[in-house]
Amino acid sequence: MKLKIKGKVKENIPASYITSIRVGGNIRHLVYPADEEDVYTILDFCKRKGFNHYIMGNGTNLIFTDTEFASFVISTRAMNDIKQEGDDIFCAGGGILLPEMVAHTSRNGFTGIESLIGIPGTLGGAVVMNAGSYGQEIGDVFYSASVLKEGNIISVSKDKVKFWYRGANIDGMGIILKVCLRLDKADRNTIKKRMIEAFKKRKQTQPLGYGSAGCIFKNPPNASAGRIIEDLGLKGKKIGGAEVSKIHANFIINKSNASAGDIITLIKFVKDEVYSRTNILLELEVKIVDKEKEIQI
Ligand SMILES: Cc1cc2nc3c(=O)[nH]c(=O)nc-3n(C[C@H](O)[C@H](O)[C@H](O)COP(=O)(O)OP(=O)(O)OC[C@H]3O[C@@H](n4cnc5c(N)ncnc54)[C@H](O)[C@@H]3O)c2cc1C
C-alpha cells in the first residue's frame, strides 16, 4: 500500500538538498504533511509498516551523516498558516519560517521576536532549540503549543515548558504542530530599526555565503565558544571540504563539496583541541542524525 496524503511525498532525496549545511546521505522517504490529518496518516502508516520517523523543520540546525536514512523524515515546512488569536497572541503552524513570522508580527506592530529575523529555521525548530539572537529568545514569548504525542494532540502551555540556553524540555515531547506566542504592542518604527540592526550585525559577523548549520557548539557559561576556538588559532582549519569559518570560528562551513564525514571529523577535531588545550568540554548545539537517531560525538 502506498502512503496517500494531501502534502508531498518524495523518495530518495539527498539530505544535502534539505539542510542548510548541504551534506548528508540519501533519505529514502521524505514527506511534507499539509496538515494535522496528514501527520496522523503518516505516523499511522509508519507504525503499520514498521518504519521509524524523524521530524525536522527547515534543517538549519541539522547534520545528517553520509549513511542512508532508510525510514521517514517528516518536514513540517508545509504547515505554515498564521493567525492572530486574541489581542496579543499570534499562532502559526510549526513549519512557518521565523523570518515570515517576524515579518507578519512586526507589520502588525508587535514586538518580541524582531531580532530573530535572520534565523533561517521554522517556528517549531526555534521552540525546540530556544532559538535566540541579539537579546531575544523564543522562550521569552512562548505562550503555548499543540503537540502530537502518541496519537493525541495535547496543548502544552507556558508553565509546562522549561527553556534554557539553546534547548527546552519540549524536545522529544512529540511533533509540534502549532505554536502560539504572546507579544507586546510597540512602535512600528522602533521594531523596524531593531530588525535592520539585527540583519546588519548578522551580515557582518556570519559567513552567510556558504552552507552551514549556524553555531556548532553552545557557548560555555560566561564564555564564547567562537572566541575560544579563535584564540587557539583554529580559524581557517580545513578537513576535506569543511572549514572553520574565518569570519566566525563557531561556524563550520561547507567550503567545497564537503561530505558529512568532513564536517563531523572537523567538529571532533575542534572539540578535542579545545579540550586538550583549555580543559573546556564544548557541547554541541547542532543535532547530528545517524541511522535515524540523533547522536552525540
Ligand atoms: C546561517 C545560520 C544562522 C543561524 N543563526 C542562529 C541564531 O542566531 N540563533 C539561533 O538560536 N540559531 C541560529 N541558527 C540555527 C537554527 O536556525 C535554529 O536552531 C533554528 O531554530 C532551527 O530551526 P529548524 O526549523 O531549521 O530546525 P531543524 O534544524 O530542522 O531541527 C532542529 C531540531 O528541532 C526538531 N524539530 C524541528 N521542528 C520540529 C517540530 N515541529 N516538532 C518537534 N521537533 C522539531 C528537530 O527534530 C531537531 O531536533 C542559525 C543557522 C544558520 C544556518
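Helix α3 supplies the largest share of the shell around the ligand, with five residues. This is a predicted model.

**Ligand shell**

In total, 31 residues surround the ligand. Those that come nearest are Gly 57, Gly 121, Gly 124, Gly 125 and Gly 214. Four elements each give two or more residues to this shell: β3, α3, β9 and β15. Their bounds are listed here.

| Element | Residues |
|---|---|
| β3 | 53-56 |
| α3 | 123-129 |
| β9 | 132-133 |
| β15 | 175-182 |

What is the make-up of the shell by class? It has 17 polar residues, 13 nonpolar residues and one charged residue.

Where does the ligand lie with respect to the domains? Residues of the shell come from both domain 1 (8-75) and domain 2 (82-205), so the ligand lies between these two domains.

**Domains**

The protein is divided into three domains. Domain 1 covers 8-75, domain 2 covers 82-205 and domain 3 covers 225-295. The C-alpha centres of domain 1 and domain 3 are 25 Å apart.

How many residues are in contact between domain 1 and domain 3? On the domain 1 side there are 15, and they touch 14 residues of domain 3. Two elements of domain 1 give two or more residues each to this side: β4 (62-64) and β5 (69-75). Strand β4 gives the largest share, three residues. By class, the domain 1 side that touches domain 3 has seven nonpolar, six polar and two charged residues.

**Overall fold**

The secondary structure comes to seven helices and 21 strands. Along the principal axes, the C-alpha trace spans about 55 × 50 × 30 Å.

Why does the radius of gyration agree with a compact globule? A compact globule of 297 residues would have a radius of gyration near 19 Å, and the protein has 19 Å, so the two agree.

Buried residues make up 43% of the 297 residues. A residue counts as buried here if 20 or more other C-beta atoms lie within 10 Å of its own. Contacts in the protein can also be sorted by sequence separation. Among those between residues at least 6 apart in sequence, 65% join residues at least 24 apart.

Key. Residues numbered from 1 in each chain as written. Predicted model: local features only at pLDDT ≥ 70, side-chain atom pairs only at ≥ 80, totals over all residues. Near = placed C-beta within 6 Å. Nonpolar A, V, L, I, M, F, W, Y, C, P; charged D, E, K, R; others polar. Domains from an automatic or database assignment. Contact = placed C-beta atoms within 7 Å. Rg over C-alpha atoms; globule rule 2.2 N^0.38 Å. Buried ≥ 20, exposed ≤ 12 C-beta atoms within 10 Å, placed from the backbone.
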